[in-house]
Protein chains: 2
Amino acid sequence: MTDTLTPAPETHSLIASDRVEGTKVYNRKGDKLGSIKNFMVDKVSGQAQYAVIEFGGIFGMGNDYYPVPWEMLTFDTDKGGYAVDLTKEQLENAPRHGMTFPEYDHNYGRRVFDYYGMAYPYPYI
Amino acid sequence: MTDTLTPAPETHSLIASDRVEGTKVYNRKGDKLGSIKNFMVDKVSGQAQYAVIEFGGIFGMGNDYYPVPWEMLTFDTDKGGYAVDLTKEQLENAPRHGMTFPEYDHNYGRRVFDYYGMAYPYPYI
């Protein structure tokens, strides 16, 4: 029955969670890099922390999954996708995983944010 | 290929977007009310604003979809689902829609938050 649902809309400011999943990811030049597999949300606050990006071998990276801080993504209304500043060099040593997702605890989170030179913004509760 | 993925985990604080979808919703007594269809996220900030709940006829409400402010949901670790304070009376006139999702703009948002007696916390941009 859910298959016959009209897809939830994008508005100027909101997007449905199941529309983010599968959304294309581009670099700033507009080249398609991959797509968003899913994203990790704080259960209590509802704040998205990471998008998990599947690069699909575009950089010769195989089909690994890359957690990327949500703040690194910019929604590009024209393309209907997310833009991100990521180079092949950045991704070569970036945190990634295969088909088995790791435990995204605070230690893992710090590692991801540190890698991209960003302060880890979430308190250890 | 994605079908063979090990499901993304829940940690003590994070949950994967595609695991929120389908998560059961209970009332405070622990009765199952329905499940989460999806949730609406601010594209820029990554903040979840509404969960869209399918009550599945539990209150004789048919299979309509009810947008409910994220703040009304509490994650219950024991049950692995969300708890929400909602009575049949509250739902009788609550904002809802059928298979076609409405445009979740600020006017709609105000209507939903107003209905549940909550201040609409998002600026008109």
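Contact here means heavy atoms within 4.5 Å. Keep that in mind for the helix stop below, and remember throughout that this is a predicted model.

**Stop 1: the whole of chain A**

Start by selecting chain A and colouring it by secondary structure. You should find 3 helices and 7 strands, arranged along the sequence as β-α-β-β-β-β-β-β-α-α. Of the 125 residues in chain A, 53% are buried. The surface that chain A exposes comes to about 5,700 Å², with carbon and sulfur atoms supplying 47% of it. Among the contacts in chain A with a separation of 6 or more, 44% join residues 24 or more positions apart.

Now switch the colouring to pLDDT. Chain A has a mean of 83, and 83% of its residues reach 70 or more. Among the elements of the chain, strand 5 has the highest mean pLDDT, 94, and helix 2 (residues 88-92) the lowest, 83. Select residues 1-5 of chain A as well: pLDDT stays under 50 there, and the model has 9 contacts beyond four places in sequence for this stretch. For the model as a whole, ipTM is 0.82 and pTM is 0.82.

**Stop 2: strand 5 of chain A**

Next, select residues 65-69 of chain A and show their side chains. Strand 5 is mostly covered, with 5 of its 5 residues buried. In a regular strand the side chains alternate between the two faces of the sheet. Here Tyr65(A), Pro67(A) and Pro69(A) point one way, Tyr66(A) and Val68(A) point the other way, and all are buried.

Add residues 48-54 of chain A to the selection. This is strand 4 of chain A, which pairs with strand 5 of chain A in the antiparallel sense over 5 bridges. To see one of these up close, centre on Tyr50(A), whose bridge partner in strand 5 is Pro69(A).

**Stop 3: helix 3 of chain A**

Keep strands 4 and 5 on screen and add residues 106-115 of chain A. Which residues of helix 3 of chain A are buried? They are His106(A), Tyr108(A), Gly109(A), Val112(A) and Phe113(A). These residues lie on the same side of helix 3 of chain A, because they cover an arc of only 155° around the axis. Strand 4 and strand 5 of chain A are among what covers them. Then follow the chain out of helix 3 to Gly117(A), where phi is positive, near 70°.

**Stop 4: strand 3 of chain B**

Move to chain B and select residues 32-42. Strand 3 of chain B has 10 of its 11 residues buried, so the rest of the structure largely encloses it.

Three pairings are worth showing one after another:

- Strand 2 of chain B (residues 24-26) pairs with strand 3 of chain B in the antiparallel sense over 3 bridges. Tyr26(B) has Lys32(B) as its bridge partner. The two strands form a hairpin with 5 residues between them, and Gly30(B) in the turn has a positive phi of about 95°.
- Strand 4 of chain B (residues 48-54) pairs with strand 3 of chain B in the antiparallel sense over 6 bridges. Phe39(B) has Ala51(B) as its bridge partner. This hairpin also has 5 residues between its strands, with Gly46(B) in the turn at a positive phi of about 80°.
- Strand 1 of chain A (residues 14-16) pairs with strand 3 of chain B in the antiparallel sense over 3 bridges. Look for Ala16(A) opposite Met40(B).

**Stop 5: aromatic rings**

Show every Phe, Tyr and Trp ring in both chains. There are 21 aromatic pairs over all chains. Zoom in on Tyr104(B) and Tyr108(B): their ring centres are 5.2 Å apart and their planes stand at 80°, so the pair is edge-to-face. Tyr104(B) is buried at 0% relative accessibility, and Tyr108(B) is buried at 9%.

Then go to Tyr115(B) and Tyr116(B), where the centres are 5.1 Å apart and the planes are at 90°, so this pair is edge-to-face. Is Tyr115(B) buried or partly exposed? At 32% relative accessibility, Tyr115(B) counts as partly exposed, while Tyr116(B) is buried at 11%.

For the last view, select Phe39, Trp70, Phe75 and Tyr82 in chain A and in chain B. These residues form one aromatic cluster.

Terms used:
Residues numbered from 1 in each chain as written. Chains lettered and ligands numbered in written order. Heavy atoms only, no water. Buried < 20%, exposed > 50% of the residue type's maximum accessible area, 1.4 Å probe, protein only. Helix = DSSP H or I, 4+ residues; strand = E, 2+ residues; numbered from the N terminus. Pairing = 2+ DSSP bridges. Areas by Shrake-Rupley, 256 points an atom, 1.4 Å probe, with all protein chains shown as cover. Arc of directions from axis to C-beta. pLDDT = per-residue confidence, 0-100. Phe/Tyr/Trp six-rings, centres within 6.5 Å; stacked < 30°, edge-to-face > 60°.
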